[in-house]
Amino acid sequence: MAKDKAERPKGNFLLRASVLLFMLYVVVSLVRIQGDIQQSREALAAIEQQNEEQRIANKELERMLSDGTEEEYIERIAREKLGYAYPEEQVLIDISGS
């Protein structure tokens, strides 16, 4: 009978330690998952912002096409972004930095 009493606290201690370690694992996992959720929410917000900006740009392009100003738009893009000019035109570039 003395043997049974001596073994019970060991088993009881191992059970409590196991439950405590499992609970600790669950808490750490939950904290890690919450961090992942927060990062995903931030990424989603950034993508939604880009989506909204693209919708605005698309509406502006649709407006320009419907207004008949696409030639002006194409000319502006060709000049500003591609560096094109008319054959007889001289393009001056300000290299002073101001």
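A residue counts as buried when its relative accessible area is under 20%, as exposed when that area is over 50%, and as partly exposed in between. Keep these cut-offs in mind during the tour, which moves through a predicted model.

**The whole chain.** Begin with the protein chain in a cartoon view, where you will find 2 helices and 0 strands. Switch on the surface next: the accessible surface of the protein chain comes to about 9,600 Å², and 60% of that surface belongs to carbon and sulfur atoms. Buried residues account for 2% of the 98 residues in the protein chain.

**The nonpolar patch.** Now select Leu 15, Val 19, Phe 22, Met 23, Tyr 25, Val 26 and Leu 30, which together make a nonpolar surface patch of about 720 Å². If you colour the chain by helix, you can place Leu 30 in helix α1, which covers residues 2-67.

**A salt bridge within helix α1.** The structure holds 4 salt bridges, and a good one to start with is the pair formed by the side chains of Glu 60 and Arg 63, for which the N to O distance is 2.4 Å. Both Glu 60 and Arg 63 belong to helix α1, where they sit 3 residues apart, about one turn of the helix. Glu 60 has a relative accessible area of 35%, which lies between the two cut-offs, so Glu 60 is classed as partly exposed. Arg 63, with a relative accessible area of 40%, is likewise partly exposed because its value falls in that interval.

**The network around Arg 79.** Move on to Glu 75, Arg 79 and Glu 89, and show their side chains together, since these residues are linked in a network of salt bridges. As background, side chains of opposite charge can pair when their charged atoms come close.

Look first at Arg 79 and Glu 75, whose side chains meet in a salt bridge with an N to O distance of 3.3 Å. These residues are 4 residues apart in helix α2 (residues 70-80), and therefore about one helical turn separates them. Then turn to the salt bridge between the side chains of Arg 79 and Glu 89, where the N to O distance is 2.8 Å. This pair links distant parts of the chain, with Arg 79 in helix α2 and Glu 89 in the segment after α2, 10 residues apart.

Finish by checking accessibility in the network: Arg 79 is partly exposed at 32% relative accessibility, Glu 75 is partly exposed with a relative accessible area of 33%, and Glu 89 is partly exposed with a relative accessible area of 32%.

Methods. Residues numbered from 1 in each chain as written. Predicted model: local features only at pLDDT ≥ 70, side-chain atom pairs only at ≥ 80, totals over all residues. Heavy atoms only, no water. Patch = residues over 30% accessible without salt bridge, like charges linked within 9 Å, V, L, I, M, F, W, Y side chains within 5 Å. Areas by Shrake-Rupley, 256 points an atom, 1.4 Å probe, with all protein chains shown as cover. Buried < 20%, exposed > 50% of the residue type's maximum accessible area, 1.4 Å probe, protein only.
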